[in-house]
Amino acid sequence: MIATAQSELERGVRFLAKRDPLIQSAVKAYGVPKSRRQAPGFSTLARIVVDQQISTKAAAAIWQRLKTTVDSVNGPALLSTSDADLRSAGLSASKVKTLKALAMAIEEREINFRGLNRKSDEEIKALLTAVWGIGNWTAEIYLMFGMGRPDVWPAGDLALRTGWQAITTAEIRLAAEDLALVAEQWRPHRSAAAILLWHAVAASRKPAQP
């Protein structure tokens, strides 16, 4: 799956580079990003919930503690673990509530991860955002990383605006709605564009090589 996901991402980036000179310049400056695909299912969506609104380093540490606490990150394990134990792993009260709500939705068959493959992006977003604490951003990131959907644009992500600022060398970041309008030209590969913009953020922060 990883090799296929990488080839799909590279195909999307090539498409974008041919269509948009600024994207082409970004690829030359920063290179082609690596795929972020993960196996679909509860664990990947749970990791996205854990990652919300905290640093990459903090999220990784909490995820490791969570895996130690529950042995395997799945619905039954989360439901059988006390809130106190989950909080001791570093999860906030709201994230504990979200993960348990997600686990219950699976337990009650409101969400079937295998069945999601047959649904549209909007149908999947509607199902996921019906779970307490899961918003559009979380659902969109899952569509991209867990399901490999090629034309997702998580408009509320601040790093996308920062990435476009780096690519265009603009003094001011575009507003989210303005960047969403720019992104319309990147259909049907907006997921690849988003990954490239995130890559630009990381690459532009690296110190120059002597």
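**Helix α10 and what follows it**

Select T169, the residue that follows α10 in this predicted model. Its phi is positive, near 55°, although T169 is a residue other than glycine. Such a value deserves a look, since most residues other than glycine have a negative phi. The loop that holds T169 runs between α10 (158-168) and α11. With a relative accessibility of 66%, T169 counts as exposed, because exposed residues are those over 50%.

Step back into α10 itself and display the side chains of L160, T162, W164, Q165 and I167, together with G163. These six positions of α10 are buried. What do the buried residues of α10 pack against? Their partners are α2, α11 and α12.

Next, go to the N-terminal end of α10 and select D157. This residue caps the helix: one of its side-chain oxygens is placed 2.9 Å from the backbone nitrogen of A159.

**Helix α2**

From α10, move to one of its packing partners, α2, which covers residues 21-30. Colour I23, A26 and V27, which are buried. Now look down the axis of α2: the buried residues fall within an arc of 100°, so they line one face of the helix. The general background is that an α-helix has 3.6 residues a turn, so residues three or four places apart point the same way.

Which exposed residues does the face of α2 turned away from its buried side carry? Select P21, K28 and A29 to see them.

The two ends of α2 are also worth a stop. At the N-terminal end, D20 acts as the cap, with a side-chain oxygen 2.8 Å from the backbone nitrogen of L22. Just beyond the helix, G31 adopts a positive phi of about 85°.

**The pair α9 and α12**

Show α9 (residues 136-145) and α12 (residues 190-205) together. In general, two packed helices are described by the angle between their axes and the distance between the axes. For α9 and α12, the angle is about 100° and the axes are 11 Å apart. The two helices are therefore roughly perpendicular to each other, as angles of 65 to 115 degrees count as such.

To see the contact, select I141, M144 and F145 on the α9 side, then S191, A194, I195 and W198 on the α12 side. By class, this contact comprises six nonpolar residues, one polar residue and no charged residues.

Before leaving α12, trace the chain back to the loop between α11 (176-183) and α12, where P188 lies. The peptide bond leading from R187 to P188 is cis, with omega near 5°. By contrast, most peptide bonds are trans.

**Q53, between α3 and α4**

Centre the view on Q53, in the loop that connects α3 (42-51) with α4 (56-70). Q53 is not a glycine, yet its phi is positive, at about 60°. Is Q53 buried or exposed? Its relative accessible area is 84%, and Q53 is exposed.

**R65 in α4**

Continue into α4 and select R65. This residue is partly exposed, at 39% relative accessibility. Leaving aside neighbours within four places in sequence, R65 has contacts with S88, A89 and G90. For a distance check, pick the C-alpha atoms of R65 and G163: the two residues are 98 places apart along the chain, and these atoms are separated by 31 Å.

**K100 in α7**

Select K100, which is located in helix α7 (residues 93-107). Its relative accessibility is 19%, so K100 counts as buried, the cut-off being under 20%. With which side chain does the side chain of K100 make a polar contact? The partner is D83, at 2.9 Å. Not counting residues up to four places away in sequence, K100 touches L78, L79, T81, S82, D83 and L86.

**A126 in α8**

The last stop is A126, within helix α8 (residues 121-129). At 47% relative accessibility, A126 counts as partly exposed. Add N136 to the selection: A126 and N136 are ten residues apart along the chain, and their C-alpha atoms are separated by 8.8 Å.

How values were computed:
Residues numbered from 1 in each chain as written. Predicted model: local features only at pLDDT ≥ 70, side-chain atom pairs only at ≥ 80, totals over all residues. Heavy atoms only, no water. Axes fitted to C-alpha atoms, helices over the stretch in contact; angles between N-to-C directions. Helix = DSSP H or I, 4+ residues; strand = E, 2+ residues; numbered from the N terminus. Parallel < 35°, antiparallel > 145°, perpendicular 65-115°, else oblique. Contact = heavy atoms within 4.5 Å. Nonpolar A, V, L, I, M, F, W, Y, C, P; charged D, E, K, R; others polar. Buried < 20%, exposed > 50% of the residue type's maximum accessible area, 1.4 Å probe, protein only. Arc of directions from axis to C-beta. Polar contact = N/O pair within 3.5 Å; in protein donor to acceptor, adjacent residues only side chain to side chain.
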